[in-house]
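Visitor: I would like a close look at a single part of this model, namely the aromatic rings and what lies around them. Please give the cut-offs as you go.

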Amino acid sequence: PLASLQELGEAARAQEMARWQGFLYLVGARRERGGGGGRGRTTASSRLTLALRHYDRALSPPSEGSASAAMEECAAACRLDLATFYLSSSGAGAGATAAAGTAGGGHRARLESGLTHARAGLSLLQGRPVASGGGDADDSLVASLRRDLADAAERLLRELIRATAVAGNSSRAETLKEEYRALLSSRTDPKSR
């Protein structure tokens, strides 16, 4: 049993390293993308590819089929990083919705990708109890991740509702509005936490 715990600890450390490597490439891609120009776009694209490879490795399931709590938290943090990246790369807010109607599906696709990651992160933490008051550091990390993922999902849903409505897809917009309402009510209901 001790050997398997050590192996699980090593797997958790490897997963955390993959997450941080992915995060660094994601930051580089975001910075390069902001620089503009042909060469900057190519560099940003290759850095994004490397970032996604590292995140894929961090999000791949452990070989034994069961992840430790630390590994689930790391996976949720990866999902938060990716949701936040897709939200920021979509140009959300500040007039982006008007541009989204003319820009086509790329804007909505990035928002959908971000929302998928936020949903997956929330589902990873769904069954995890969080102690109220006096909890340990792991409990506060879970609460913080859950709050940040819900915030990201909320922002992504708002932007996606706007972009979908601008594109004229009213049935999809209505489905997203229902999900948005459910998310808001779950955040105000203390039993759902």
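Guide: Burial is judged by relative accessible area, where under 20% is buried, over 50% is exposed and anything in between is partly exposed, using a 1.4 Å probe and protein chains only. This is a predicted model, in which local features need pLDDT of at least 70 and side-chain atom pairs count only at pLDDT 80 or more, while totals for chains, interfaces and linings use all residues. Residues are numbered from 1 along each chain as its sequence is written, and side-chain values use heavy atoms, with hydrogens and water left out.

Rings of Phe, Tyr and Trp (for Trp, the six-membered ring) pair when their centres lie within 6.5 Å, and the planes count as stacked under 30 degrees apart, edge-to-face over 60 and tilted for the rest. Two aromatic pairs meet this rule. In one of them, W20 and F23 are arranged edge-to-face, with 5.5 Å from centre to centre and 85° between the planes. The ring of W20 also has the charged end of R19 over it, 4.6 Å from the ring centre; for this, NZ of Lys or CZ of Arg must be within 6 Å of the centre and within 35 degrees of the ring normal.

Both W20 and F23 belong to helix 1 (residues 2–35), where, being three residues apart, they are separated by about one helical turn; helices are DSSP runs of H or I with at least four residues, as strands are runs of E with at least two, numbered from the N terminus. An α-helix has 3.6 residues a turn, so residues three or four places apart point the same way. W20 is partly exposed at 39% relative accessible area, and F23 is likewise partly exposed, at 29%.

The pair formed by F85 and Y86 is edge-to-face, at 5.6 Å centre to centre and 65° between the planes, and here F85 and Y86 are both buried. Y86 in turn leads to H117, which, leaving aside its neighbours within four places in sequence, is in contact with R79, L82, A83 and Y86, contact meaning heavy atoms within 4.5 Å. H117 lies in helix 5 (residues 105–125) and counts as buried at 14% relative accessibility.

One further ring, that of a tyrosine, belongs to a residue touching another histidine: with neighbours within four places set aside, H54 is in contact with A18, Q21, G22 and Y25. H54 is part of helix 2 (residues 38–59), and its relative accessible area of 15% makes it buried.
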